[in-house]
Amino acid sequence: MPERPRIRLVPLAASLAVFALVLRAVHALPDTATGLSAEMTAGAKASGIKNVVTAVLLDFRGYDTLLEIAVLMLATIAVLSLRTDPDALSRRISGVAGPVLGALTRAYVPIMIVVAGHLVWIGSSGPGGAFQGGAVLGAAGILLALSGFARPRWSSGAPMRWVLAVGLLTFIAVALLPLALGGTLLQYPDESRKSLVLLVEILLTLSIGASLTSLFLASASDTSEGERR
Amino acid sequence: MMIVFDILLVATIIWIAVGSLSQRQMFKSVVMFVIFGLFMAIAWIRLSSPDVAMAEAAIGAGVTGALMLDAIGHLRRSETPYASAAEPEGGEPDA
Amino acid sequence: MTTYDVYVAGGAVLFALGTYGLLERSHLVHKVIAANFMGSGIFLVLIGLANRTPTPEPDPVPQAMVLTGIVVTVAMTALGLAIVKRYFSETGRTTLDADEKPGERR
Amino acid sequence: MNVVHHLPALLVITPLVGACVAFVAGRRVAPHVALATATADVVLAVLFAARVLAEGPFRYRIGGWGAPMGIDLVADGMAALFIVLTSIVGLVVTVYASGYFRSTDPTAYGHGLFWTLWLFMWTSLNGLFLTGDVFNVYVCIELVGISAVALVTISGGPDALRAGMRYLFASMLGAMTYLLGVALLYASAGAVDMATLSERLVPDTTAATGLALMVAALVLKTALVPAHFWLPTAHASAPTPVSAALSALVVKGSYFVVLRLMLDVMPDGYLPGAATLLGVLGAAAIVWGSVQALVQTRIKLLVAYSTVAQIGYLFLVFPLARNGRDVLALALTGALVHATAHGLAKGGLFLAAGGLITRFGHDRLAEMRGAARAVPVLTFAVALSGVTMMGLPPSGGFAAKWLLISAALTSGEWWWAVVLVVGGLLAAAYMFRLVAILIADAPAETAPAPKPVRTEWLPLALTAAAVLLLFAVPLISDLAAASTTLQSAGVTP
């Protein structure tokens, strides 16, 4: 780099050392390994969920997923706490909207919502599921925000905070439900396992979609703030 | 020979990553980052992980890219009276 | 050499590259991008190694871990960028001062 | 539904629900929500510790799957001790914060989002102390990292933002390196559950590299010298209640995972140099942190560097732990007493320092001469915390040093005892300097006190608890005996 002639030795040495270590470590591994895939596949088959990844995320390791939704909500709140304007979530994003983006949005957002729904629906049998559906929903939400669509009135202040929290709170409620039935946290009863997993999946899709959108809304700048100082 | 394709794909991914980090114009860096995400999605397909591919395309390239473009826009839009003299601010064309 | 070898080695390169970028690059957005490359490198290693199963389907557990990791990384990235923006609004800087030592300022 | 059976799950869920409710309820109601949650958490923590003491360690199988398929929470004495410590310091910090933030501009400090972020941090700490799964640890340390960084930057000043940024990059580097280690470990042993790993691990290159990366990452997050670069500014530029929580609790979170990995997951003879290296770095931290604390001119930086030094003691347990189960029991108990004593004393010291800064309107030590006359309660709190930091009898710090020195002498590795004594003398030097400034015979130029500050008693309560901890040492040693580490080593209570 012309502006920085000296070579930074410490970062270079650290990254090369890590690289060499990892390569050596990976080289020492046997060529085949099954990990936990046998148990997981059998478990998923028993509960009637054909996509094993979905079963791992929502059932076997559902606790990770619960905390991960917490991570998303926490990040949104953390981003909000850095705003100088308290109503960051309810502003309209300005500056990028144009007729082309508007038309594109009108065309694509309904399609994206359909795609998200489809991803969730097939998620228990084929590739797809809450994470992918939620991600597509989030992308649709960001597109809507970027094209400057007017927001509904509930999208500011306390109601918006409810929308943000309700996904995590409902997930917690579903996670606590088995406690009343004599199970542990997230222990779905066998007879209703598949439908509960589907319920959680729909919930998660909406929640991830809403979280990603609000994550963007919370951080998106508007012109006025940039010129504050 | 799929292995040749794999090697080329990985080499491209690394090349894009190096390019993204060595750009002085932050806008180009971010664009290369988004392209990086799309190539990663292809890698996931090659690794028989369509679930990951979908999430990577939507989140890794889409949402993260949007966040970064927004940040770059913020850094470019703000005209501050005492901007850092040591380094040109992000997104300003240098040449 | 198998397919997964290529991706695992590429993942190791990406991780090292990201580490270098996070430590060496001074522009804060570069640092955030570099951290994302570190993440992608790990994900390649995870999924590459998951492909060592005798069956055509890779091990689902690393896939689930990567999906979790992708979401966590976007959360971290959003926070990092939000701090960068606020820091820029307050100070007009896009780098951390290299010569600043704790206790000398304020 | 019997609450007692689900205590591990409830200890995570309760603060998480509290965080959501505090967020929804808004700025005015949030402090009350936080206070209610904190109180509930104290009750749950005490019940939890009582159950562990009565029944010994147990596992809570989330989803009913059981490891290695599912995620197990590990409820043992060590987890119980840290959870109780978190709940006590957490309650005091919550009460202190309700006064601290009331006096400031309501739109400052992240629009009242402090409470939500703080309860998220509490959730993640409890999660970290309970989890028995190395991938779940990753999710928890990300939660800790995001909430901690957000709490540092919440005041929005340039210094806080710069410190938070550096903290965030350290967190990212740590979390990513940790995850890479998990990837290698899983590739080698095919499990992420700690107990399963300790059964399956064979000393191969892959697993050793994975564990080394994980421990290195956690050492960075614990800020052990030389990876402490991010700590002083982050802890010093945060709002006072946050500083207290970071120094008292957050560094203990990643340290706790190091304890689990080094003592539970790794079989004997694994990574032979690692334990010694951690001990040497601990000794270096004690010396370097103390010397830095000695030359600081700002009160919060002095306290933060003291944290760097005190973290060093926690790592002396690793070289000592290899010397048979009796020494292991002594050293582990010593480390746990030290972690508890430091948590209470440092929490109190940071709150006292914050009180002094509020009264003086600045943080320059040189201009705080004679503060004792104006703020006797705070000065007394500082002095009491000094008693524990130095390890003077009677105090929790004394008991911790005594146990660690006994372990060092019993093992024959007497040089660690020298480190402990030197560390005590250095702590005496920087604490005496601080107290000497405060009690100097000079007219104190404090800002006129607006009204008597109730919260001045809170730091005193914490530092007094750190001193009185001496009398709780039998209880802590019972909890240590009820840890998975000592149980599997065959130590009976």
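User: Which contact, if any, joins chain B and chain D, and how far apart do their closest C-alpha atoms lie?

Analyst: This is a predicted model. In it, chain B and chain D share no contact, and their closest C-alpha atoms are 14 Å apart. Chains A and D are another case: of the five pairs of chains that touch, this pair has the most contacts.

User: How many residues of chain A and of chain D are in contact?

Analyst: One counts the residues on each side: 45 residues of chain A are in contact with 52 residues of chain D. On the chain A side, at least two residues each come from α1 (9-27), α2 (37-46), α3 (52-60), α4 (62-81) and α7 (157-180). The largest share, 13 residues, is supplied by α4(A). Sorted by class, the side of chain A that touches chain D holds 31 nonpolar, seven polar and seven charged residues.

User: What is the length of α4(A) from its first C-alpha to its last, and what length is expected?

Analyst: The general point about helices comes before the case. An α-helix has 3.6 residues a turn, so residues three or four places apart point the same way. Helix α4(A) has 20 residues and spans 29 Å from first to last C-alpha, close to the 28 Å expected at 1.5 Å a residue.

User: Why is α4(A) described as largely enclosed?

Analyst: The reasoning goes by burial, where a residue counts as buried if 20 or more other C-beta atoms lie within 10 Å of its own. In α4(A), 20 of the 20 residues are buried, so the helix is largely enclosed by the rest of the structure.

User: Which elements of chain A have the highest and the lowest mean pLDDT?

Analyst: The pLDDT is the predictor's confidence in each residue. For chain A the mean is 81, and 83% of the residues reach 70 or more. Among its elements, α4(A) has the highest mean, 94, and helix α9 (residues 223-226) of chain A the lowest, 42. Residues 1-5 of chain A fall below 50, and this stretch has zero contacts in the model beyond near neighbours in sequence. Residues 223-229 of chain A are also below 50, but that stretch has 14 such contacts.

User: What is the radius of gyration of chain D, and what would a compact globule have?

Analyst: The value is set against a rule for a compact globule. With 493 residues, such a globule would have a radius of gyration near 23 Å, and the 21 Å of chain D agrees. Its C-alpha atoms fill a box of roughly 65 × 55 × 40 Å along the principal axes. Of the residues of chain D, 69% count as buried. Among contacts in chain D between residues at least 6 apart in sequence, 79% join residues at least 24 apart. The secondary structure of chain D consists of 22 helices and two strands.

User: How many helices and strands does chain C have?

Analyst: Chain C has three helices and zero strands, in the order α-α-α from the N terminus. Buried residues account for 76% of its 106 residues. The average pLDDT of chain C is 89, with 90% of the residues scoring at least 70. Over residues 99-106 of chain C, however, pLDDT stays under 50.

User: Is C:Ala9 buried or exposed?

Analyst: C:Ala9 is buried, because 21 other C-beta atoms lie within 10 Å and 20 are enough for that label. The residue is in helix α1 (residues 3-24) of chain C. The C-alpha atoms of C:Ala9 and C:Gly48 are separated by 9.0 Å, with the two positions 39 residues apart along the chain as the count of places apart.

Note on methods
Residues are numbered from 1 along each chain as its sequence is written. Chains are lettered from A and ligands numbered from 1 in the order in which they are written. This is a predicted model: local features need pLDDT of at least 70, side-chain atom pairs count only at pLDDT 80 or more; totals for chains, interfaces and linings use all residues. Two residues are in contact if their C-beta atoms, placed from the backbone, lie within 7 Å. Helices (H or I, at least four residues) and strands (E, at least two) are DSSP runs, numbered from the N terminus. Ala, Val, Leu, Ile, Met, Phe, Trp, Tyr, Cys and Pro count as nonpolar, Asp, Glu, Lys and Arg as charged, and the others, Gly among them, as polar. pLDDT is the predictor's confidence in each residue, from 0 to 100. The radius of gyration is taken over C-alpha atoms; the globule rule is 2.2 Å times the number of residues to the power 0.38. A residue is buried if 20 or more other C-beta atoms lie within 10 Å of its own, exposed if 12 or fewer, and partly exposed in between; C-beta atoms are placed from the backbone. The expected span of a helix is 1.5 Å times one less than its number of residues.
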